[in-house]
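Please open the model in your viewer and keep the selection tool at hand, since this tour goes from one selection to the next.

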Amino acid sequence: MQNWTYEELLSVYNTPLLDLIYKAATVHRENHDATKVQVSTLLSIKTGGCPEDCGYCPQAARYHTGIEKNDLMSVEQVKKAAKEAKDKGSSRLCMGAAWRNVKEGKDFDAVVDMVRAVNELDMEVCCTLGMITESQAKRLEHAGLYAYNHNLDSSEEYYKEVISTRGYEDRLKTIDNVRKTNITVCSGGIIGMGEKAEDRVKMLLTLANMNPTPESVPINALVAVEGTPLEDQQKTPIWDVVRMIATTRIALPKTQVRLSAGRTDMSNEGQALCFMAGASSIFAGDKLLTTPNPDFVSDMELFNILGLSPKDPFADKCKPEIKEDIASSSDEKWSRPAHQIEKNLVATEKGKEARKAVKS
Ligand code: SF4
């Protein structure tokens with residue numbers, strides 16, 4: 001593992017683009033079969049009504065985005081969706097719930113059952129459920145969870161501009177809790193939220209200097225949804241996406257670099273450059289939680305053109321064994337307790353006005 005300095009990584013990020021792609025493609029080929037792409041399906045198992053204030057997210061209850069709030073899906077519905085995703089070529093199902101954190105009770109019990117059911121279909125199972133305690137992560141491990149996603153989103157400094165209801169340290173604590181199990185870590189961020197190149201590099205620096213490094217790093221290009229504080233953000237230029245993917249590949253040579261949200265705004269040629277620059281995974285299926293995504297057919301057509309094919313499940317790590325269920329607890333002190341949320345809501349509305357004033 002290389003211990004990166006900020007200056008080193010910034011200099012990688014600022015390498016002339018064609019040289020950067022060439023270097024990243026070389027690192028990619030040294031560490032991976034560059035003809036294989038891991039394909040995941042992201043399923044929203046509980047949509048909308050989230051108490052958090054992530055400025056990019058249409059599922060936050062406080063923003064008026066027209067997203068319908070849905071209760072948790074049933075285990076049977078999830079199993080059906082998983083089978084469909086597997087038949088189409090996905091090796092991983094990532095289940096997302098719009099929660100601040102995992103709470104003990106029937107909903108978490110149901111998620112544990114879902115994890116077990118999808119594991120039994122011989123798929124890699126990932127969850128993104130918000131903040132999680134060590135004992136809850138352990139319970140998911142026993143159910144056969146393969147990966148847990150919790151994104152850093154941006155640099156610690158810029159994070160505060162986008163989210164006020166939980167701190168960066170909470171994010172790191174959740175990743176740490178997952179690391180105390182055998183579950184792999186998926187953590188990345190979003191570009192195009194108004195952050196500077198320095199923020200992108202600082203986020204990558206935090207990820208690249210983790211020991212061990214995350215097994216998966218999703219790079220998302222903001223999908224600006226009407227009604228969110230970031231609704232007026234300009235689309236992220238494809239060159240920024242390619243640059244970010246290439247820098248991520250060089251900083252984290254062994255990691256799955258996930259070309260995630262924003263692909264509907266990218267041409268096939270743009271995506272091809274991302275694969276060249278080291279992207280080794282995509283989310284397939286026409287929806288990414290609540291935002292549009294290219295469908296399976298167009299992705300497979302692009303794979304054919306580029307000579308790529310979907311990676312088999314458990315190619316990087318053995319299938320997790322299902323073990324006896326264990327008790328867990330939500331007893332964890334997060335930096336911003338739920339009772340502060342009302343206060344932060346006001347702060348966020350002010351922040352939204354301030355952001356608009358800066359732009360006009
Ligand atoms: S915690 Fe997740 S679902 Fe909730 S607002 Fe933030 S990104 Fe959206």
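Two residues are said to be in contact if their C-beta atoms, placed from the backbone, lie within 7 Å. Keep in mind throughout that this is a predicted model.

Select helix α4, residues 106-119, and look along its length: at 1.5 Å a residue its 14 residues should span 20 Å, and the end C-alpha atoms are indeed 20 Å apart, which agrees. Now colour Phe108, Val111, Val112, Met114, Val115, Val118 and Asn119, which are the buried residues of α4. They cover an arc of only 155° around the axis, which puts them on the same side of α4. An α-helix has 3.6 residues a turn, so residues three or four places apart point the same way. On the face turned away from that buried side you will find the exposed residues Lys106 and Asp109.

What covers the buried residues of α4? Add to your selection β1 (36-46), α3 (75-88), β2 (92-97), β3 (124-128) and α5 (134-143), which are included in that cover.

Next, select Val115 alone and show its surroundings, where, leaving aside neighbours within four places in sequence, Val125, Cys127, Leu140, Ala143, Gly144 and Leu145 are in contact with it. Val115 is also, together with Tyr148 and Ile245, among the residues with the most contacts inside the largest nonpolar core, which has 94 residues. Helix α9, residues 238-251, gives this core its largest share, 7 residues.

Finally, select the ligand, which is surrounded by Cys50, Glu52, Cys54, Cys57, Gln59, Ala60, Ala98 and Gly130. Coloured by type, this shell divides into 5 nonpolar residues, 2 polar and 1 charged.

Key
Residues are numbered from 1 along each chain as its sequence is written. This is a predicted model: local features need pLDDT of at least 70, side-chain atom pairs count only at pLDDT 80 or more; totals for chains, interfaces and linings use all residues. A nonpolar core is a set of buried Ala, Val, Leu, Ile, Met, Phe, Trp, Tyr and Cys residues joined through C-beta atoms within 7 Å. A residue is buried if 20 or more other C-beta atoms lie within 10 Å of its own, exposed if 12 or fewer, and partly exposed in between; C-beta atoms are placed from the backbone. Helices (H or I, at least four residues) and strands (E, at least two) are DSSP runs, numbered from the N terminus. A residue is near a molecule or strand if its C-beta atom, placed from the backbone, lies within 6 Å of it. Ala, Val, Leu, Ile, Met, Phe, Trp, Tyr, Cys and Pro count as nonpolar, Asp, Glu, Lys and Arg as charged, and the others, Gly among them, as polar. The expected span of a helix is 1.5 Å times one less than its number of residues. The arc is that of the directions from the helix axis to the C-beta atoms.
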